[in-house]
Structure formats: C-alpha cells, structure tokens
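Okay, thanks everyone, let's get going. Could you put the structure up on the screen, please?

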Amino acid sequence: MATAVITTKTVDFNDGNKIPSVGLGTWKAKEEEVYTSVTHALQAGYRHIDTAAAYGNEEPIGKAIKDSGIPREQLFITTKLWSNAHHDPVGAITESLDKLGLDYVDLYLLHWPVFLNPKGSPSRVPLLPNGKRDIVMDWSFVKTYELMHECVEKGLAKSIGVSNFSVKNLKVLMNATETKITPAVNQVELHPHLPQFQLGEYCAQHDIHLQAYSPLGSVGSPILKDEVLMAIGEKHGVSPATIVFSWMNSRDIVYLPKSLNRDRLRQNLLVVELDDEDIETINNIHKTFSKRYNDQDWSPMKPFEED
Ligand code: A2P
C-alpha cells in the first residue's frame, strides 16, 4: 500500500514561469458557493485558482483571494477570454482584472477557438432564432491570439495560452506568422475516459503544457465508479479520485479539480506513487469506454474535429 502525500509539485512553462500542478477548478461553481470554496481551498493549501469570464464568478473569487490575506506573488490565478470578446482581449482582461481585484493574472487563456456575435443576445451565449449559437464565421482565432500578445506586453498577464484546441487548430495557430508567443498551455477536458494522448504528444513536441479541466469528468460523471479505478484505489488504500490525480501527476499534467466540500478539497491535493502496471492499466481504460463529457454544440464549427 502506498502512502498518500500532499503534492507541492510545480510545472515549468516554455516562457520560464511556473504553475502549481493542482489548481481549484471553479466551472459550474455558483456565485454564492464559490467564495466559500475558494476560501476553504486557500486554507487547505491551494495556491492556484482557475476561473473564466464566462463562469460569472470572478468577483467572489477576487473577494476570497483578498480576504485570505495571502500575498499575491504566492498565488497563481488563471482566467479566460470569452468568445464574445475575441476582437478585444485587452478590454476583456481589464474587465476580468477589475472583477478579480488584481493587477495581473498569471495565465490568460483563449477559452474557445470560436467567436460569438459580440452584439448578440443573450450576451454570454448569443443565439439565433433557430436556437443555434450565433457564431461569427469571418474571424480567426489567430487574430485573437495575436491581440492577446498585448496582454503580456502591457503586464496584464504573465503567460498566455489556449483552451479547447485540437491538434488541427493548434497547427493553424503554430504555423501562423502572427503567433510570436508559443501558448504556454492548452487547457482541455482530460481524464481516464478522454486521456488526450495524441494531443499530449503534439503539445509536448511544441513545449505547450497540457492542462486538465474536469479531471473527474465534471459533476455527475461515472468516472469515480469506474471499476478499474476503484480496484487500483483499493490496492493502494486511497479513493479513485486520488488514483486519477496520481495518474495525471505521473504524466506531469496540471489538473483542476472542483469541489464544494471541504474534506474533498483537502483530499484532492493528495497523490500516491503508482507502479508502471497501474499506469498502463489506467492508460488503457479509454479503449473500453471513452467519452467527452463537455460536448457543447458549436455548429457549424467543430472545435474538436481533426484532419
Ligand atoms: P463536490 O463539489 O460535492 O465535491 P470535476 O473536478 O471533474 O469538475 O468534478 C467535479 C465533481 O466531482 C463535483 O460534483 C464534485 O462534487 C466531485 N468531486 C470532487 N472531488 C471529489 C472527490 N475527491 N471524490 C468524489 N467526488 C469529488
């Protein structure tokens, strides 16, 4: 039986900055819940919080950070550019910083490679009369990413990167002459049912760090009832969640578990040393069952489509 320890691991970015390997995920954490969740996480030892303009919770997160009294330089804060502001990243990050009560974020991510009508309605996810998302087709994420360079130049973000990018879209971005800063990160859904090995290989080749959102498959997923993970957990005397995080840790992946429960927040900092056989077994789970749990309809755009 292995001993579970609190991980204090950090991972290096291609631009020289460092990120703690565990961050608190806050997607789907409602405004009224998130202050408590962030406060408890910071008390438990988390120093990395992940949010996004689209989550609508930057203000309470900023308040929890301020109330914690933890010096800014000890924290790593990520937020993301929402799809209705692709034409104005500097304006959007300024608004996010204002809500967070911060002078800079450590990481600013292009949330999706798809642009929504900035004048559409409702404002966050504008819809067409047929109920489909109101997507702007004549704009490129390359242009947005180029504009995001200014966030670094102006000192508003220490690092920039992308989220929900496939290998196909990363190739477009990396091959564009406008891309002067290699993304530090590609943050994607990643867990044993969607291990993202191909994407991971491409990212490793280009020194882009792969980050896992929904590492447990998000609210209500069956991952923690996976028999293979449960059996490995039993063998090591830890929960299946600890097994998932230990597997990510062994792959040098930064993961962003979300919890509103104080005990589980603490538990999600733990990792155990897995043996090669365990890792191989977890690597193979997706061959029996694979699923993307955050499969949003961006039609006619297909962000996850490959060549
Ligand atoms: P809760 O907030 O009650 O802890 P993800 O991190 O993939 O987004 O998944 C979040 C979901 O997983 C939430 O429903 C959260 O519920 C639950 N969760 C988080 N950590 C654990 C854990 N260690 N054990 C069981 N469920 C967990």
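Let me start with a question: how far is an oxygen atom of the ligand from a polar backbone atom of Leu-260? The answer is 2.7 Å. Before I go on, do keep in mind that this is a predicted model.

So, staying with the ligand. Leu-216 also shows up with its backbone: one of its backbone N or O atoms lies 2.8 Å from an oxygen atom of the ligand. Pro-215 has a backbone N or O atom 3.4 Å from a ligand oxygen. As for cover, the ligand on its own has 570 Å² of accessible area, and the protein covers 81% of that.

Who else is around? There are 16 residues in the shell, and the ones that come nearest are Leu-216, Ser-218, Ser-259, Leu-260 and Arg-264. Sorted by class, that shell has seven nonpolar residues, seven polar ones and two charged ones.

Now, where does the ligand actually sit? The space it takes is the largest pocket. That pocket has a volume of about 800 Å³. Its lining is made up of 40 residues, and if you want to find the centre on screen, look for Trp-27, Ser-214, Ser-218, Val-219 and Lys-258, which lie nearest to it. Ser-218 is worth clicking on here, since it's among the residues nearest the pocket centre and also among those that come nearest the ligand. The class split for the lining is 15 nonpolar, 17 polar and eight charged residues.

Okay, next pocket. The second largest one comes in at about 400 Å³. It's lined by 18 residues, and closest to its centre you'll find Val-167, Gln-196, Gln-198, Leu-199 and Glu-306. Which helix gives the largest share of that lining? That's helix H6, residues 197-205, with six residues. By class, we have nine nonpolar, five polar and four charged residues in this lining.

Hang on to Gln-196 for a second, because I'd like to look at its backbone. Gln-196 isn't a glycine, yet it has a positive phi of about 60°. You'll find it in the loop between strand E11, residues 185-189, and H6.

While we're on backbone geometry, there are two cis peptide bonds to point out. One runs from Ser-121 to Pro-122, with omega near -10°. Pro-122 is in the loop between strand E8 (115-116) and strand E9 (135-136). The other goes from Ser-299 to Pro-300, and there omega is near 10°. For Pro-300, look in the segment after helix H11, residues 285-288.

That's my tour, so over to you for questions.

Methods:
Residues are numbered from 1 along each chain as its sequence is written. This is a predicted model: local features need pLDDT of at least 70, side-chain atom pairs count only at pLDDT 80 or more; totals for chains, interfaces and linings use all residues. Side-chain values use heavy atoms; hydrogens and water are left out. On a 1 Å grid over the protein atoms alone, a cavity is a set of points where a 1.4 Å probe fits but cannot get out, and a pocket is an open set with protein on both sides within 12 Å along at least five of seven lines; lining residues have an atom within 4 Å of a point. Grid points are joined across faces, edges and corners, and a volume is the space filled by probe spheres set on the points. Ala, Val, Leu, Ile, Met, Phe, Trp, Tyr, Cys and Pro count as nonpolar, Asp, Glu, Lys and Arg as charged, and the others, Gly among them, as polar. Helices (H or I, at least four residues) and strands (E, at least two) are DSSP runs, numbered from the N terminus. A residue is near a molecule or strand if one of its heavy atoms lies within 4 Å of it. A polar contact is a pair of N or O atoms within 3.5 Å; within protein, one must be able to donate a hydrogen and the other to accept it, and residues adjacent in sequence count only if both atoms are side-chain atoms. Accessible areas come from the Shrake-Rupley method with a 1.4 Å probe; for residues, only the protein chains shown count as cover. A molecule sits in a cavity or pocket if more than half of its atoms lie within 2 Å of its grid points.
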